[in-house]
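Visitor: I should like a close look at the interior of this structure. Please describe the nonpolar core, and then go on to the charged and exposed residues that accompany it.

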Amino acid sequence: MTDAAQTGAEAGSPLKGVFWMLATGLCFVAVTALVKLVGTRLPASETAFLRYALGVVFLIPMIRPILAAKLSRRQVGLFTLRGVLHTGAVVAWFFAMARIPIAEVTAMNYLSPVYVTLGAAFFLGEKLAFRRIAAVIVALIGVTIILRPGFRELSPGHFAMLFTALGFAGGYLIAKKLSEEVSPTVVVGMLSVTVTIGLAPLALSVWVTPTFEELVILFAVACFATAGHYTMTLAFKAAPVTVTQPVSFLQMVWAVLLGWLAFGEQPDVWVLVGALVIIGAISFITWREAVFKRRQITPLVGQTKM
């Protein structure tokens with residue numbers, strides 16, 4: 001969020017910010033639940049492709065701004081790189097969502113902002129102070145608590161989520177750089193274009209004819225994902241990040257309840273503990289950025305998927 005946007009948010013309504021961020025969390029958890037409902041009959045790459053292809057209707061208003069932007073070769077290259085990273089991350093994400101509990105998918109998704117913090121230091125020259133390093137270490141300890149290697153069997157879904165968080169973080173850093181040169185509409189629109197193109201050959205290579213029910217569910221996924229990004233934007237406009245960030249972590253609560261009530265996934269206390277550790281570390285970094293008026297580097301979890 002820019003300084004101007006932050007100032008505008010501070011002048012807005014915290015209650016509206018809280019409301020819209022609650023809606024955002026519910027939308028993103030609904031995405032995870034619906035993908036889990038589709039199951040594993042369809043390959044992950046095909047499921048991901050159908051989600052983006054069915055959501056192409058939301059891309060129509062963005063076509064004119066993209067063409068008017070007259071992107072340079074360098075910008076096209078960066079958008080392509082972001083598309084490759086996001087394509088791999090999305091496939092891994094859909095693979096994981098169908099195979100491990102919703103709560104674990106949600107908890108491990110909190111890693112993306114941590115990766116962004118590290119990537120911003122190594123690739124964008126952002127300062128990595130001791131307190132920030134300590135917070136990153138704490139967050140990684142939280143991941144270890146969730147995974148507990150050596151104490152339980154890890155599934156391919158867990159490793160897929162590690163890659164997902166890394167891919168989303170890399171894509172976010174590229175988007176952050178491009179957002180200084182082109183409009184947000186172009187940044188979001190080009191992501192949809194490049195990821196849809198990137199997923200197409202992967203999906204066709206393992207194609208399984210989807211049922212009408214599966215297509216309806218995946219269209220609902222596209223709708224909830226788009227709605228989640230829109231409500232998140234409204235939340236940012238209405239209130240500062242110090243208000244909206246804590247509310248975004250309620251996604252973990254919704255994920256645990258939904259997994260338990262809808263899919264019979266018993267809550268794992270260690271997953272909850274690990275998630276709280278990661279949340280605490282991210283909250284500390286975000287708080288310092290806001291209180292000390294530093295440029296916001298650490299994103300909310302949903303921002304890394306845009």
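Guide: In this predicted model, the largest nonpolar core comprises 60 residues. Within that core, W93, F94, L199 and M252 have the most contacts. The element that gives the most to the core is helix α5, spanning residues 73-97, with eight residues. Apart from this core lies another, of 11 residues, which includes L59, I174, A175 and M190. In soluble globular proteins, nonpolar side chains tend to be buried together.

Burial extends to a whole helix in the case of α6, residues 102-109. Eight of its eight residues are buried, so the helix is largely enclosed by the rest of the structure. The buried residues are I102, A103, E104, V105, T106, A107, M108 and N109. The list thus holds E104, T106 and N109 alongside I102, V105 and M108.

A further buried residue that merits attention is E46, in helix α3 (residues 44-54). E46 is buried yet takes part in no salt bridge. The nearest side chain of opposite charge belongs to R41, at 6.5 Å; because a salt bridge requires a nitrogen and a carboxyl oxygen within 4 Å, that separation does not qualify. Leaving out residues up to four places away in sequence, E46 touches A203, V206, W207, V208 and P210.

One of these partners, W207, may be considered from its own side. W207 lies in the loop between α10 (184-205) and α11 (212-238). Its relative accessibility is 37%, so W207 counts as partly exposed. Neighbours within four places in sequence aside, W207 is in contact with E46, F49 and L50. With respect to W254, which lies 47 residues apart from W207 along the chain, the C-alpha atoms are separated by 33 Å.

The charged pairs come next. A search of the whole structure finds five salt bridges, among them three that can be described here in turn.

K36 forms a salt bridge with E265, with the closest N and O atoms 3.2 Å apart. This pair links distant parts of the chain: K36 belongs to helix α2 (residues 14-38), whereas E265 is in the loop between α13 (251-263) and α14 (269-291), and the two are 229 residues apart. K36 has a relative accessible area of 14% and is therefore buried. E265, at 15% relative accessibility, likewise counts as buried.

R74 forms a salt bridge with E181, and here the closest N and O atoms are 2.8 Å apart. R74 lies in helix α5 and E181 in the loop between α9 (156-178) and α10, so the pair ties together parts that are 107 residues apart in sequence. R74 is partly exposed, because its relative accessible area is 43%. E181 also counts as partly exposed, at 35% relative accessibility. Helix α5 therefore appears in two roles, as the element that gives the most to the largest core and as the location of R74.

The side chains of R148 and D268 also meet in a salt bridge, at 3.2 Å from N to O. R148 is placed in the loop between α8 (130-147) and α9, and D268 in the loop between α13 and α14, so this pair ties together parts that are 120 residues apart in sequence. R148 is buried, with a relative accessible area of 16%, while D268 counts as partly exposed at 22%. The loop between α13 and α14 thus holds both E265 and D268.

R148 has a further feature in its backbone: a positive phi of about 50°, although R148 is not a glycine. K70 also has a positive phi, near 50°, and is a residue other than glycine. K70 lies in the loop between α4 and α5. At 73% relative accessibility, K70 counts as exposed, whereas R148 is buried.

Finally, nonpolar side chains also appear on the surface. V57, F58, I60, I63, L67 and F219 form a nonpolar patch there, with about 550 Å² of accessible area together. Within this patch, F58 is located in the loop between α3 and α4 (63-68). F58 has a relative accessibility of 31% and so counts as partly exposed.

Methods: Residues are numbered from 1 along each chain as its sequence is written. This is a predicted model: local features need pLDDT of at least 70, side-chain atom pairs count only at pLDDT 80 or more; totals for chains, interfaces and linings use all residues. Side-chain values use heavy atoms; hydrogens and water are left out. A nonpolar core is a set of buried Ala, Val, Leu, Ile, Met, Phe, Trp, Tyr and Cys residues joined through side-chain atoms within 4.5 Å. Buried means under 20% relative accessible area, exposed over 50%, partly exposed in between (1.4 Å probe, protein chains only). Helices (H or I, at least four residues) and strands (E, at least two) are DSSP runs, numbered from the N terminus. Lys and Arg count as positive and Asp and Glu as negative; His and the chain ends are not counted. Contact means heavy atoms within 4.5 Å. Patches are made of residues with over 30% relative accessible area and no salt bridge: like charges are joined within 9 Å, nonpolar side chains (Val, Leu, Ile, Met, Phe, Trp, Tyr) within 5 Å. Accessible areas come from the Shrake-Rupley method with a 1.4 Å probe; for residues, only the protein chains shown count as cover.
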